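Hi,

Here is the structure I promised to pass on. Have a look at it first, and then read my notes below.

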Amino acid sequence: MNIKIALLSGDGIGPEVTAESVKVLEAIAEKYGHKFKFTSADVGAVAIDKTGNPLPDKTLEICANADAILFGSIGDPKYDNNPKAKVRPEQGLLKLRKSMGLFANIRPLTTYDALIGKSNLKEQVIKGTDFVIYRELTGGIYFGDKVLSTDGKSASDNCSYSTDEIDRIAHLAFKAALKRRKKLTLIDKANVLETSRLWRKHVTALSKSYPEVALDFLFVDNAAMQIILNPRQFDVILTENMFGDIISDEASVIAGSIGLLASASIGKNAALFEPIHGSYPQAKGKNIANPIASILSAAMLLEHLNLFKEAQNIKDAVNKSLDMKVCTSDINSESLFKTDDIGAFIVDYINYPEDYNLKHNNIKIGQSTII
Ligand SMILES: NC(=O)c1ccc[n+]([C@@H]2O[C@H](COP(=O)([O-])OP(=O)(O)OC[C@H]3O[C@@H](n4cnc5c(N)ncnc54)[C@H](O)[C@@H]3O)[C@@H](O)[C@H]2O)c1
């Protein structure tokens, strides 16, 4: 398969972690006989420095011509510390999502046996958690009219959804459930909000087309509690923009480190894959950032293109690296492994899965370079 990938590494640790994903994708291409053509483009602070624009037209053009976008991260302290800056790196990502019509944000949540003790939550509660959140990304209250009264004493934010906006993400979520444990939970506030009642009505109607999927509903306040009390009950969660924003950050604590969490943003004709973390500027250029969130984002990219075997190979390699404690210091503060060691281990495992015992022995005797 020939695949065109737009590479938007961005700022801070973005280029370092994305470089490891490219190595991993190149190993997959070689092993499975694919051709991945990467085209780099600027976004964020690096693009402002070069062109004055956080999302230059050239970048947008490269994205529009690609089969998928692999995104690193954006953000730089010189803008974070300057609230008066009119042009900001974040505008690049927001404009990209809007221009490409990326209406569905997808975040998988899983636990790793090797890291179960890293979470703030109890092992017996989170062990075996495996769910995915489908969050509507381009509608709802974040995009509705915002009004501040002339006397400054009242304000309003309008929340509106159309059935088209609901249906297109609901179809994606039902299809995902069909490939998983066939359970879909709609999180809403239908006891109070008219928009939530519209979501319930339409998602219920759509469920007739997916008879194998069990549909249930949870009010968002209860859902916030259930995610912490019993996260194993969830398979696919579907929700609107603001509830999804809050629920997905809450759920991220289950995995143990933000450096492990991948995401996808999907539109009708475009798809973008990125780690959920930011540009972690303190780590820039130090080769210490965890590249796994970016590498798992690359695995999601392959799944999106129906390359499931290839994606599973990456996920198996990530699991093996964690099992063998080949990890960066966010996971084990005594670890000597660097960002590029993790990428090298994962590439090695993809190329020579049967050799991992030898590598394990080398690692156990304290070598930080993968042989
Ligand atoms: N999608 C994006 O590109 C995105 C998302 C969030 C924040 N940002 C931007 O990133 C910059 C920094 O923001 P922040 O400090 O709030 O968030 P951040 O995610 O960059 O970092 C927060 C903390 O998480 C940990 N961390 C993050 N990524 C890690 C990794 N790969 N490996 C190990 N540890 C990791 C570090 O301890 C770090 O101090 C800001 O400019 C912000 O606007 C960008």
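How many aromatic pairs does the count come to? Before the answer, one caution: this is a predicted model. The count comes to three aromatic pairs, and I'll walk you through two of them.

Start with Phe131 and Phe234. Their ring centres are 5.7 Å apart and their planes sit at 65 degrees. Planes over 60 degrees apart count as edge-to-face, so that is what this pair is. Phe131 belongs to strand S5, residues 130-136. Phe234 is in the loop between helix H9 (220-229) and strand S10 (236-239). The two are 103 residues apart, and the pair links distant parts of the chain. Both Phe131 and Phe234 are buried.

Next come Phe174 and Tyr210, an aromatic pair that is stacked, with 4.7 Å from centre to centre and 0 degrees between the planes. Phe174 is in helix H7 (residues 163-179), while Tyr210 is in the loop between helix H8 (194-207) and strand S9 (214-219), so the pair ties together parts 36 residues apart in sequence. Phe174 is buried, and Tyr210 is buried as well.

Now for the ligand. Which residues come nearest to it? There are 18 residues around the ligand, and the nearest are Ile74, Asp80, Gly278, Tyr280 and Asn290. Sorted by class, that shell holds seven nonpolar, six polar and five charged residues.

Some polar contacts are worth finding on your screen:

- Asp80 uses its side chain: an N or O atom there is 2.6 Å from an oxygen atom of the ligand.
- Ser279 uses its backbone: a polar atom there is 3.0 Å from an oxygen atom of the ligand.
- Asn290 also uses its backbone: an N or O atom there lies 2.9 Å from a nitrogen atom of the ligand.

As for how covered the ligand is, it exposes 810 Å² when taken alone, and the protein buries 69% of that.

Ser279 deserves a second look. You'll find Ser279 in the loop between strand S12 (271-275) and helix H11 (292-304). Is Ser279 buried or exposed? Its relative accessibility is 7%, and under 20% counts as buried, so Ser279 is buried. Along the chain, Ser279 and Asn290 are eleven residues apart, and their C-alpha atoms are 12 Å apart in space.

On to helix H10, which covers residues 241-251 and includes Asn241. Asn241 is buried, with a relative accessible area of 0%. Which backbone oxygen does the side chain of Asn241 reach? The answer is that of Leu137, at 3.4 Å. Pro83 is another matter: the C-alpha atoms of Asn241 and Pro83 are separated by 26 Å, with their positions 158 residues apart along the chain.

Asp245 is in helix H10 too. With 26% relative accessibility, Asp245 counts as partly exposed. If you want a distance to try on your viewer, take the C-alpha atoms of Asp245 and Asp49: they are separated by 30 Å, and the two residues are 196 apart along the chain.

Then there are a couple of backbone angles to check. Most residues other than glycine have a negative phi. Asn306 has a positive one, near 65 degrees. You can spot Asn306 in the loop between H11 and helix H12 (308-323), where its relative accessible area of 55% makes it exposed. Lys325 has a positive phi as well, near 60 degrees. Lys325 lies in the loop between H12 and helix H13 (339-351), and at 52% relative accessibility it counts as exposed.

Last, the cysteines. How many disulfides does a search of the whole structure find? It finds zero. Among the cysteines, Cys63 is buried at 2% relative accessibility, whereas Cys159 is partly exposed, with a relative accessible area of 24%.

If you'd like a place to begin, go to the ligand and find Asp80, whose side chain has an N or O atom 2.6 Å from a ligand oxygen. After that, turn to the stacked rings of Phe174 and Tyr210.

Cheers

How values were computed: Residues numbered from 1 in each chain as written. Predicted model: local features only at pLDDT ≥ 70, side-chain atom pairs only at ≥ 80, totals over all residues. Heavy atoms only, no water. Disulfide = S-S within 2.5 Å. Buried < 20%, exposed > 50% of the residue type's maximum accessible area, 1.4 Å probe, protein only. Phe/Tyr/Trp six-rings, centres within 6.5 Å; stacked < 30°, edge-to-face > 60°. Helix = DSSP H or I, 4+ residues; strand = E, 2+ residues; numbered from the N terminus. Near = heavy atom within 4 Å. Polar contact = N/O pair within 3.5 Å; in protein donor to acceptor, adjacent residues only side chain to side chain. Areas by Shrake-Rupley, 256 points an atom, 1.4 Å probe, with all protein chains shown as cover. Nonpolar A, V, L, I, M, F, W, Y, C, P; charged D, E, K, R; others polar.
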